[in-house]
Amino acid sequence: KKLMMAGNYEAAMDIAKKQVEDGAHVIDINVDDGMLDGVAAMQKFVKIAVTDPEISKVPFMLDASKFEIVMAGLKWCQGKPIVNSISLKVGEDLFREHATLLRKHGAAVVVMAFDEKGQAATEEDKVRICKRSYDILVNEVRFPPEDIIFDPNVLTIGTGMEEHANYGVDFINATKSIKELCPYVKISG
C-alpha cells in the first residue's frame, strides 16, 4: 500500500513477482487505506499485473472492505479471481446482488460467517450462517458451489476468558458440519 500511495507501482509489481517466485499460489491485492483512492489503485494495480506473465500465472485475490473497489479490479482480471469477501451482514438483498455480479465475472468468493446480527462465534451460528449463505448462493444465485470458500472465523482461543474457551473446538466442529451440509465448498480459517 505504501508503494501504491507513493505511485510506485513498478516496485509493487516486483514484490508480487517475488511472491510468485517464492511459491505463492495466490496474489492478495488489498488496497484498503483511508489515504488511498482504493478504486483507482485496485484498477491500476490489476491492469499492470495482468500484463506480467510471471504475476498473472497465479490467481488474484481481490481484497477490500468496499465492494466497488473489488469490482474495479474484477473488471480487469483474467482467469478466475477470488474475491475476499462477502457476507450476509449487508442483508440478503445486497448479498444476492454482490454474489450475482461475482458469478457473472466468473470469480470464486470467500464468504465470511457474519450475518445481520454480527459475527458467528459459536459452532451453531457458524453452521447456520454458512448453510444459509450456501442456500442463497447455490439455489438462488446459481453460484457454483466449488467456487465458494467459507471462512467460519477462527477466533482467539488463548484469552483466558471462560466464554472463549470453546472457540477452537467450535471452529473444528463447525468446519466438519459445513463440509457435510454444503457439498463441494472449501473452508478457510
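## Exercises on a parallel sheet

Strand β1 (residues 27-30) and strand β2 run parallel and are joined by four bridges, where strands (E, at least two residues) and helices (H or I, at least four) are DSSP runs numbered from the N terminus. The model is predicted, so that local features need pLDDT of at least 70 and side-chain atom pairs count only at pLDDT 80 or more, while totals for chains, interfaces and linings use all residues. Residues are numbered from 1 along each chain as its sequence is written, and side-chain values use heavy atoms, with hydrogens and water left out.

**Exercise 1.** Determine which residue in β2 stands opposite Ile27, and how the chain crosses from β1 to β2.

*Solution.* Begin with the pairing: the residue opposite Ile27 in β2 is Phe60. Then follow the chain from β1, which passes through helix α3 (residues 38-49) before reaching β2, in a β-α-β crossover that is right-handed; the term applies if, with the strands pointing away from the viewer, the path from the first strand over the helix to the second runs clockwise.

**Exercise 2.** Establish whether the two faces of strand β2 are covered or open, and which residues show this.

*Solution.* Start from the general pattern: in a regular strand the side chains alternate between the two faces of the sheet. In β2 (residues 60-63), Phe60 and Leu62 are on one side, with Met61 and Asp63 on the other. These four residues are all buried, and both faces are therefore covered; buried means under 20% relative accessible area, exposed over 50%, and partly exposed in between, with a 1.4 Å probe and protein chains only.

**Exercise 3.** Describe how β2 is linked to strand β3, and locate the cis peptide bond.

*Solution.* Three bridges connect β2 with β3 (residues 82-86) in the parallel sense, and two strands count as paired if DSSP finds at least two bridges between them. One of the facing positions is that of Leu62, whose bridge partner in β3 is Val83. Between these strands the chain goes through helix α4 (residues 67-74), and this β-α-β crossover is right-handed. The cis peptide bond joins Asn84 and Ser85, with omega at about 15 degrees, and Ser85 belongs to strand β3.

**Exercise 4.** Give the strand order of the open sheet and explain why one side of β1 and of β8 has no neighbour.

*Solution.* The order of the six strands is β1-β2-β3-β4-β7-β8, with parallel pairing. Because β1 and β8 (186-187) stand at the edges with a single partner strand each, one side of each lacks a neighbour in the sheet. For β8 that partnership is with β7, over two parallel bridges, and Phe150 has Ile187 as its bridge partner in β8. Helix α6 lies across β3, β4 (108-112) and β7, running at about 160 degrees to β7; contact means heavy atoms within 4.5 Å, and axes are lines fitted to C-alpha atoms, for helices over the stretch in contact, with angles from 0 to 180 degrees between N-to-C directions.

**Exercise 5.** Decide whether Arg142 and Asn153 are buried or exposed, and state where each is placed.

*Solution.* Arg142, with phi near 65 degrees, a positive value in a residue other than glycine, is in the loop between α6 (123-140) and β7 (148-151). Its relative accessible area of 57% means that Arg142 is exposed. Asn153 also has phi near 65 degrees, but lies in the loop between β7 and α7 (167-181), and at 5% relative accessibility Asn153 counts as buried.
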